Amino acid sequence: MKIPGVKGMNDLLPAEVGRWQEMEQVARELFGRYGYREVRVPVVEHAALYARGVGENTDIVQKEMYAFEDKGEELLCLRPEATAGLVRAFIEHGLHVEGPQKWFALGPMFRRERPQKGRYRQFHQLDIEAFGIAEPAIDVEQIAMAADFFAALGVAVQLKLNSVGDGSCRPAYLQELQGWLRERKGQLCVDCNDRMERNPLRVLDCKVEGCQPVLAQAPRLLDRLCAGCAAHHAAVTGGLGALGIPFTVDTRLVRGLDYYVRTAYEFTSDAIGSQSSVAGGGRYDKLVETLGGPPTPGIGFAIGQERLAMVMAAVGRPVPSRQPELFLISADEAGARECLSRAVALRRAGVACDLDARGGKLARQFKQAERVGARYALVLGEKEVGSGQAKLKDMKTREETPVALADLPDRFRPT
Ligand code: HAM
């Protein structure tokens, strides 16, 4: 009996993996250049971390957590996102005493959502966080880094930006919004009706066609920001303008996690269908305190790797792959022994070199050399082993050139 993979969880096979390696390589290099250091935290945390950190009333906590009792002892959870776990680690290791921290992390996240194109139950994020900086300069810097990252991978994305206020201006707005929404209950969908009681801000995020004309008229938080939030927002938009980073202010942009204050943003692409958000993030100045740490502002964002891979494919970016420079082909038993030992020696010398360990007919070995995209092939048999001379075949032009076996490492060594 075949046992299938789990619904909404994907395999990443060799033909595609080069894309992922490329995005991770660019991320490590670019984020490092911006002063971010990699951290690795567990995939499993206490479920309470997300209830408290992400928010009791979010879809993630209410419907989508892979939570389980660990042998009846503790309620644990596969992480639905990275931020809460990173904040937990920041607090646990007392790192606030060291001053601002700029971190990145990557890996799988788990949400029990209804799978569809671009939405999976296991997905991967490149996650960026900065702790200890309240100033809008870091908001601008992170957005600039995200923009540079997408540019380096050749993908065009749109930046949508909003301010979701903070503890001094949002509560009054939420009350106003809730009252306004309740008066329009009959004109809004079931989800909106449910959300207006639990989490009114999220109603603004509704995508149902029929709700749009009503929601377009909703009171705007951006017009009701306190002086501090308004100044912060102005500094962020001004900073982006100064760097020439295009953006649109989307007053209905709210995020699916409760910890955000002030800056909230998303990068979207119209090349990948309805799940168009490739990255999202924002400021979370109270989260460290909420999770038991000292008052420490924070800001971050996460890039969805599956969606980014889809955009890269949609714009026709080739999948990088490493092909062997040289493929050794054995003509007989002496040749097979020689191929094996030469291949190991060449690899130790830094040469990407391969062979068909099955041996067998020359034609089949040549076919394998072609299949793996080898640039050159070299046949070794008793004769070549004896003379130390062989013919190097260019797999594209089919041209053959004589070569001394002793010269192979120098000829192929990467420069
Ligand atoms: P998020 O908006 O929930 O934010 O997720 C960020 C990105 O992860 C999304 O823009 C999307 O590309 C990808 N993503 C989310 N859910 C799925 C899914 N089910 N399948 C495929 N891709 C998905 C966060 O997770 C925040 N922790 C980001 C953050 C970091 N905020 C501050 N720091």
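Here are some notes on the ligand site, on Glu306 and on helix H5 in this predicted model.

1. **Who sits around the ligand.** A good place to start is the shell, which holds 27 residues. Those that come nearest to the ligand are Glu81, Glu113, Tyr120, Tyr260 and Ser277. Sorted by class, the shell has ten nonpolar, nine polar and eight charged residues.

2. **Polar pairs with the ligand.** Three pairs are worth displaying on your screen. In the side chain of Tyr260, an N or O atom lies 2.6 Å from a nitrogen atom of the ligand. Gln125 places a polar side-chain atom 3.1 Å from a ligand oxygen atom. With Val278 the partner belongs to the backbone: a polar atom there is 3.1 Å from an oxygen atom of the ligand.

3. **Cover and the elements that supply it.** On its own the ligand has 660 Å² of accessible area, and the protein covers 96% of that. Which elements give two or more residues to the shell? They are strand E6 (122-131), strand E10 (277-283) and strand E11 (298-304). E10 gives the most, with six residues.

4. **Glu306, buried or exposed?** This residue belongs to helix H11, which runs over residues 305-314. Glu306 has a relative accessibility of 11%, and because the cut-off for buried is under 20%, Glu306 counts as buried.

5. **The company Glu306 keeps.** Beyond its neighbours within four places in sequence, Glu306 is in contact with Trp20, Tyr120, Gln122, Phe123 and His124. Tyr120 is also among the residues that come nearest to the ligand. With His124, the side chain of Glu306 makes a polar contact, side chain to side chain, at 2.8 Å. As for Glu135, that residue is 171 residues from Glu306 along the chain, and the two C-alpha atoms are separated by 32 Å.

6. **Helix H5, checked for length.** H5 covers residues 136-152, a run of 17 residues. At 1.5 Å a residue the helix should span 24 Å, and its end C-alpha atoms are 24 Å apart, so the expected and modelled spans agree.

7. **The buried residues of H5, and what follows.** Buried in this helix are Ile138, Asp139, Val140, Gln142, Ile143, Ala144, Met145, Ala146, Phe149 and Phe150. When you look down the axis, remember that an α-helix has 3.6 residues a turn, so residues three or four places apart point the same way. After H5 comes Gly154, with a positive phi near 70°.

Terms used
Residues numbered from 1 in each chain as written. Predicted model: local features only at pLDDT ≥ 70, side-chain atom pairs only at ≥ 80, totals over all residues. Heavy atoms only, no water. Near = heavy atom within 4 Å. Polar contact = N/O pair within 3.5 Å; in protein donor to acceptor, adjacent residues only side chain to side chain. Areas by Shrake-Rupley, 256 points an atom, 1.4 Å probe, with all protein chains shown as cover. Helix = DSSP H or I, 4+ residues; strand = E, 2+ residues; numbered from the N terminus. Nonpolar A, V, L, I, M, F, W, Y, C, P; charged D, E, K, R; others polar. Buried < 20%, exposed > 50% of the residue type's maximum accessible area, 1.4 Å probe, protein only. Contact = heavy atoms within 4.5 Å. Expected span 1.5 Å × (residues − 1).
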